[in-house]
Amino acid sequence: MGAGKQGELVVHTPKDLLNNPITLIQTKYKEFEHGFKDWLAKQSLPAEAAVVTLTSAAQGAAIGGFMGTLNNDAASTFPAAPPPGASLNPQAMASFQQAQALAGGPLIQARNFAVMTGVNAGISCVMKRLRGKEDVETSMVAAFGSGVMFSLVSGMGGPNPAMNVITSGVFFALIQGGIFKIGEKFSKPPIEDVMYRETKSMLSTLGLENYEKNFKKGLLTDSTLPLLTDSALRDVRIPPGPRLVILDHVQRNKVVKRGGWRT
């Protein structure tokens, strides 16, 4: 909706919105995305894994290339060859290779990100198809493979290349597993405590939601609502004003007094 001339209300119809280039592009992209996912779900596991790996690798390469352009200034000051004597010192050579991998230009970063995202997405796709779910185990296995391939492709070797590969994989797995669990925790709606469902509804009606924790601290559950007294509310540190409002509400609500709450 919008304001027209002389305060007239203008209603935008779906046709008007589709005439907006940005809205039209967003709509077309969503249609393409849904259609692509539907088509992909019908493919065999090898075909799906290959497509997911390639598309994710392409996205990673684009991100890595962009990140690499930001490192151009730093890369210009970085020596193109290892310092003298580094080849005789495995630890110094490993440090040089790690710095090259992390501070490389657009092509190096595009390669590194393409490998990380492509392998991660491909393994996740296979795991989800085989296990029928996406969980922290799937996420960590995919991240481990991603870390291993990143270590191999980027040349981040060391005195013990095999150990370095495993260490990189474990590090990636732990990081992604932690991120998955954090995201899982915040994405889930809070579990409602059935023992305080009626109490929460009553306090919300009275505008006293802040005192729900006081009820829980004093174990004043839904079953105790008809039995509330000034002394009981005082014991859980509810101020005089809210105590009076709660008690008055309980006394006036016959259903609460009978032990069966309805607002």
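This report walks through a predicted model of a helical and stranded protein, from its overall make-up to some of its contacts.

**Overall make-up**

The protein has 263 residues, and 29% of them count as buried. Its secondary structure consists of 13 helices and 2 strands. If you look at contacts with a separation of 6 or more, residues 24 or more positions apart account for 56% of them. The protein exposes about 17200 Å², and carbon and sulfur atoms supply 64% of that area.

**Two helices packed together**

A good place to begin in the viewer is the pair formed by helix α2 (residues 21-41) and helix α3 (residues 45-70). These two helices pack at an angle of about 145°, and their axes lie 9 Å apart. On the α2 side, the contact is made by Phe36, Trp39 and Leu40, while α3 brings Glu48, Val51 and Val52. Sorted by class, this contact has 5 nonpolar residues, 1 charged residue and no polar ones.

**Salt bridges**

The count of salt bridges in the model comes to 9. The table lists some of them.

| Salt bridge | Closest N and O atoms |
|---|---|
| Lys37 with Glu33 | 3.8 Å |
| Asp135 with Lys133 | 3.7 Å |
| Arg234 with Asp230 | 2.6 Å |

Helix α2 appears again here, since Lys37 and Glu33 are 4 residues apart in that helix and are therefore separated by about one helical turn. Glu33 is partly exposed, because its relative accessible area of 27% falls between the limits of 20% for buried and 50% for exposed.

Arg234 and Asp230 are also 4 residues apart, about one turn of the helix, and both lie in helix α11 (residues 230-235). Arg234 counts as partly exposed at 45% relative accessibility, and Asp230 counts as partly exposed at 27%.

The bridge between Asp135 and Lys133 belongs to a network of salt bridges that links Arg131, Lys133 and Asp135. Is Asp135 buried or exposed? With a relative accessible area of 13%, Asp135 is under the 20% cut-off, so it counts as buried. Its partner Lys133 has a relative accessible area of 45% and is partly exposed.

**A nonpolar patch on the surface**

Turning to the outside of the model, you can find a nonpolar surface patch of about 450 Å². Which residues make this patch? They are Phe144, Met163, Ile166, Val170 and Leu174. Helix α8 (residues 161-187) provides the largest share, with 4 residues. Leu174 is found in this helix. The relative accessible area of Leu174 is 55%, which is over the 50% cut-off, so this residue counts as exposed.

**A buried residue in a loop**

One more spot to visit is Asn253, which lies in the loop between α12 (240-252) and α13 (254-258). Asn253 counts as buried because its relative accessibility of 14% is under 20%. Where does Pro226 sit relative to Asn253? The two residues are 27 apart along the chain, and their C-alpha atoms are separated by 9.6 Å.

Methods. Residues are numbered from 1 along each chain as its sequence is written. This is a predicted model: local features need pLDDT of at least 70, side-chain atom pairs count only at pLDDT 80 or more; totals for chains, interfaces and linings use all residues. Side-chain values use heavy atoms; hydrogens and water are left out. Patches are made of residues with over 30% relative accessible area and no salt bridge: like charges are joined within 9 Å, nonpolar side chains (Val, Leu, Ile, Met, Phe, Trp, Tyr) within 5 Å. Accessible areas come from the Shrake-Rupley method with a 1.4 Å probe; for residues, only the protein chains shown count as cover. A salt bridge is a side-chain nitrogen of Lys or Arg within 4 Å of a carboxyl oxygen of Asp or Glu. Buried means under 20% relative accessible area, exposed over 50%, partly exposed in between (1.4 Å probe, protein chains only). Axes are lines fitted to C-alpha atoms, for helices over the stretch in contact, and angles run from 0 to 180 degrees between N-to-C directions. Contact means heavy atoms within 4.5 Å. Ala, Val, Leu, Ile, Met, Phe, Trp, Tyr, Cys and Pro count as nonpolar, Asp, Glu, Lys and Arg as charged, and the others, Gly among them, as polar.
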